[in-house]
Amino acid sequence: MAEAGGTPVSQQERREQIRSEVLASGFVRIEELATKHGVSGMTIHRDLDVLEEQGWLRKVRGGATSTPTALLETSVRARIADAAEEKARIAEHAARLVSPGQVVALDDSTSALAVAERLPALAPLTVVTNFLSVINLLSGEPGLHLIGLGGDYQPSYDAFLGLHTATMARTLRSDVLFMSTTAVVGGHCLHRSQETIQVKRALMDTTGKRVLLLDHSKFDRRAVHELAPLTEFDLVVVDAGTPAARLEELRSAGVALEVAER
């Protein structure tokens, strides 16, 4: 399939472009999308169905609108500001698990970025990440050996995602992995994109210790693609704002849990 201008694009690329368009403008019309991308209205309908299932937008008569949580997920700056105090406390708690000389893996979450801010003080370390924000933060820091996982760069995540990134991640081994998730539903981590899951799964499969960083807002969100149950993590660190009933529910389910106190 090709754009109206004649440049061939894949189905995935077209959907990524549509997702970016609806997030940028807040509303898109099916007819305009069909004309712009050089495909039929039915093809656009199918694209919107997939993007709606992933949680990026909501279909309405004649088009689609962005969702508030999708807007928040897309902007790294907004993600950093979201629950910033809780993430800082969780990161401070989690950083105690790091020892000089270790290989530390960080995913593309802003919770992991908060951990990255604390790593220079714990050098020497090797840091493995697919998150460009982490690479920019830590580049040039003395005592840190930085390994960036390349692949397909996704500007909306400021990260390298997909098969190539996951393949590179599987060639490395870390002592500890710090990561987060879009949502937790029924004791399972969920995400909006399969490309994200590919990389997170690869990082999980090649680390000695899996640490999930979970501020309480994650329990109020939804996503469609499952990554793993919470019980697959060696430790889940939550903030003190997590309701007591939720903590008891997780512990009863066998989740290894620690609370980052205020």
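Between domain 1 and domain 2 of this predicted model, the count of residue pairs in polar contact, with both residues at pLDDT 80 or more, is 0. The side of domain 1 that touches domain 2 draws its largest share, 3 residues, from H1. The domains themselves span residues 11-65 for domain 1 and 77-260 for domain 2, and further values for the pair are set out below.

| Domain 1 and domain 2 | Value |
|---|---|
| Separation of centres, over C-alpha atoms | 30 Å |
| Buried area | about 630 Å² |
| Part of buried area from carbon and sulfur atoms | 44% |
| Residues in contact | 7 of domain 1 with 7 of domain 2 |
| Salt bridges | 0 |

Helix H2, which covers residues 30-37, has Ile30, Leu33, Ala34 and His37 as its buried residues. Viewed down the axis of H2, these buried residues fall within an arc of 100°, and they therefore line one face of the helix. An α-helix has 3.6 residues a turn, so residues three or four places apart point the same way. The buried residues of H2 pack against helix H1 (11-25), strand E1 (27-29), helix H3 (41-53) and strand E3 (63-66), whereas the face turned away from the buried side carries the exposed residues Glu31, Glu32 and Thr35. After H2 comes Gly38, with a positive phi near 65°.

Asp239 lies in strand E14, residues 235-239, and counts as buried because its relative accessibility is 3%, under the cut-off of 20%. The side chain of Asp239 reaches the backbone nitrogen of His216 at 2.7 Å. Leaving aside neighbours within four places in sequence, the residues in contact with Asp239 include Glu86, Ile90, Leu214, Asp215 and Val259.

Notes
Residues are numbered from 1 along each chain as its sequence is written. This is a predicted model: local features need pLDDT of at least 70, side-chain atom pairs count only at pLDDT 80 or more; totals for chains, interfaces and linings use all residues. Side-chain values use heavy atoms; hydrogens and water are left out. Buried means under 20% relative accessible area, exposed over 50%, partly exposed in between (1.4 Å probe, protein chains only). Helices (H or I, at least four residues) and strands (E, at least two) are DSSP runs, numbered from the N terminus. The arc is that of the directions from the helix axis to the C-beta atoms. Contact means heavy atoms within 4.5 Å. A polar contact is a pair of N or O atoms within 3.5 Å; within protein, one must be able to donate a hydrogen and the other to accept it, and residues adjacent in sequence count only if both atoms are side-chain atoms. Domain bounds come from an automatic or database domain assignment. Buried area is the accessible area (1.4 Å probe) that two parts lose on being put together, summed over both. A salt bridge is a side-chain nitrogen of Lys or Arg within 4 Å of a carboxyl oxygen of Asp or Glu.
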